[in-house]
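Here is a short report for the bench. Keep the structure open while you read.

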Amino acid sequence: MNPLTKWKLQQALSLALLPVEYIKDFYRFIRYGKGSPLAPKERRLFFDIILTAHTVEKGLSLAQPRPFFGKANIQLLHEMVMDYPKNEADFSIQMSMHAIHEYLRFHTERKLTDPWIEKVAHFQELWNEKFLRDKVGAGFSLRDISTVFESIADRRFSYLEFIRSRFSSRSYLPEVIPLKEVELIVRAAQQAPSQCNRQSPNLHLYQDEAKIRELLAIQGGTSGFSNEVRNLFVVTSEITAWSASSSRNQDYIDGSLFAMNLLLALHARGLAACPLNIAFRNSKERRLRRCGGIPDSERLLMLISFGRPNPSVKFAAPSPRPPLSEVLFVHSA
Ligand SMILES: Cc1cc2nc3c(=O)[nH]c(=O)nc-3n(C[C@H](O)[C@H](O)[C@H](O)COP(=O)(O)O)c2cc1C
């Protein structure tokens, strides 16, 4: 058989196997996904608690936090924490305790009183009773970012320190970044590895304020800072680069590596940035694609808001990292 015909046959067979692979993916997601009652309750709550606590620390890190924000999320967090089938203050609980502590401090310092704040203080007491051995260690406080960009400009960081200094910034100066500067950054981001050097990721840049408003309104994850965004990327990956059922998720992988390189390149250039999720169903993804004028053949991966950092913002959300013992599993044999 001639090599081209063989190649085409292999691709057709691989395509035919795609439904089987999706059914297997579906089974694993149903079995282990966070929404699945089959997955262990403790692990599901662990992740739910982290992401809900993060909404509180994120709200506190905005340029101007809104008094009494996040009532529904804090109530939800309380219920999840009380339902947590563990009595030791692990990473998720420590993060929540710190977020609630900072929330109360924010309101007390500004003398903002309200029955809601008394209720939150009561939540805190109940948590302290439940998790007697609570110790909230370093890494849970708002991150001091006041000298980060200065240190980058003065080349004071080693490369590892530079990587560790990156953070999601949710405040920008109202400035459109010149295209020449954006191009410089994208050139560096393109150096990301990709499977067989396929180079499937693309970037869509938006700098028109009205269009950015529209896109962010669909995305829905920038409350409290959407009006500060003057520069926005949509990171996509071209689906046509992939054929085999074995590479059905590769567009996400190559696109995410590209996005990470882009975030580091923005940071290296002294620009502030924040990745924004496109964890949408197809219908919403289509709306975003249409609004952004992005072809149907491209998978949307994430948005990235970026801009010149706002020098009056001195702190970023803590977004603490779990201890290495929960992340690094050394297989010695
Ligand atoms: C794919 C992805 C989607 C995200 N979506 C949002 C979002 O919609 N809104 C937001 O404020 N932050 C978003 N973030 C930022 C995360 O909250 C942030 O990366 C995390 O808390 C770790 O903090 P750090 O980036 O400051 O280290 C997103 C991050 C990623 C990687």
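## Around the ligand

The shell around the ligand holds 14 residues. Ser168, Gly221, Pro275, Asn277 and Ser319 come nearest. Two elements give two or more residues each to this shell: helix H2, residues 41-61, and strand S4, residues 272-277. Strand S4 supplies the largest share, with four residues. This is a predicted model.

What classes of residue make up the shell around the ligand? Six are nonpolar and six are polar. The other two are charged.

## Overall build

The protein has 333 residues. Its secondary structure comprises 11 helices and six strands. The C-alpha trace spans about 75 × 50 × 45 Å along the principal axes.

Buried residues account for 27% of the protein. Now take the contacts with a separation of 6 or more. Of these, 79% join residues 24 or more positions apart.

## Two domains

The domain assignment splits out domain 1, residues 41-141, and domain 2, residues 144-315. Their C-alpha centres are 29 Å apart. How many residues does each domain give to the contact? Domain 1 gives five, and domain 2 gives seven.

The side of domain 1 that touches domain 2 is mixed in class. It has two nonpolar residues, two polar residues and one charged residue.

The domain bounds can also be set beside the ligand shell. Helix H2 covers residues 41-61, and domain 1 is assigned to 41-141. Strand S4 covers residues 272-277, and domain 2 is assigned to 144-315.

## A closer look at leucine 262

Leucine 262 sits in helix H10, which runs over residues 250-268. Is leucine 262 buried or exposed? It is buried, because 25 other C-beta atoms lie within 10 Å, and the cut-off for a buried residue is 20 or more.

Which residues does leucine 262 touch, leaving aside those up to four places away in sequence? The partners are Ala189 and Ile304. Arginine 66 makes a useful reference point along the chain. Leucine 262 and arginine 66 are 196 residues apart in sequence. In space, their C-alpha atoms are 31 Å apart.

Technical notes:
Residues are numbered from 1 along each chain as its sequence is written. This is a predicted model: local features need pLDDT of at least 70, side-chain atom pairs count only at pLDDT 80 or more; totals for chains, interfaces and linings use all residues. A residue is near a molecule or strand if its C-beta atom, placed from the backbone, lies within 6 Å of it. Ala, Val, Leu, Ile, Met, Phe, Trp, Tyr, Cys and Pro count as nonpolar, Asp, Glu, Lys and Arg as charged, and the others, Gly among them, as polar. A residue is buried if 20 or more other C-beta atoms lie within 10 Å of its own, exposed if 12 or fewer, and partly exposed in between; C-beta atoms are placed from the backbone. Two residues are in contact if their C-beta atoms, placed from the backbone, lie within 7 Å. Domain bounds come from an automatic or database domain assignment.
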